[in-house]
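Thanks for sharing this one. Here are my notes as numbered points, to be read alongside the model.

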Amino acid sequence: MMMDKTMTMTNGTKVMKDGSVMMKDGSKMMMHDGDSMTMDGAMMKSGMMSNGMAMHDGVMMKDGKMMAMKDGKTMMMDKTMTMTNGTKVMKDGSVMMKDGSKMMMKDGDSMGMDGKMMMAKPKM
């Protein structure tokens, strides 16, 4: 979805339609292709996840929606994806492991294209 107006994040940072950013302290910067910002104003450079780890191709449950990540770009999952180890991930977040067992991804969970799961860190 394209931005159609300036957005103000919860920490006061403003993101303009052209990708320019006015930080809450008044400093300015420009976003680059693949950069993103969380609604609380945390900047994520291209290829990084919110926990600071490098983003790899795979899938992730974010805000109750399944997202597919490929080549640093994130998009809504629109079909079932089969990982290289045979694990299938459905667009509702249900997972059929290669051994036939089933599970449901939770918000923050991600899986690489190799089928290895990374669970969300519990909130303190």
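1. The protein has a mean pLDDT of 82 (pLDDT is the predictor's confidence in each residue, from 0 to 100), and 81% of its residues reach 70 or more. This is a predicted model, where local features need pLDDT of at least 70, side-chain atom pairs count only at pLDDT 80 or more, and totals for chains, interfaces and linings use all residues. Residues are numbered from 1 along each chain as its sequence is written, and side-chain values use heavy atoms, with hydrogens and water left out.

2. Please take care with residues 50–54, where pLDDT stays under 50. The model has 7 contacts (heavy atoms within 4.5 Å) for them beyond four places in sequence. Where pLDDT is low, the predicted coordinates should not be read in detail.

3. An open, antiparallel sheet is built from 4 strands (DSSP runs of E, at least two residues, numbered from the N terminus) in the order β1-β2-β3-β4. β1 (7–8) and β4 (28–30) each have a single partner strand, so one side of each lacks a neighbour in the sheet. Pairing here requires at least two DSSP bridges between two strands; β3 (residues 20–22) and β4 have 3, in the antiparallel sense. V21 stands opposite M29 in β4.

4. T13 lies in the loop between β1 and β2 (14–15). T13 counts as buried because its relative accessibility is 1% (buried means under 20% relative accessible area, with a 1.4 Å probe and protein chains only). Leaving out residues up to four places away in sequence, T13 touches several residues, including V21 and M37.

5. S110 sits in strand β14 (residues 110–112) and is buried too, at 7% relative accessibility. Beyond four places in sequence, the contacts of S110 include V59, M60 and M105.

Notes
Buried < 20%, exposed > 50% of the residue type's maximum accessible area, 1.4 Å probe, protein only.
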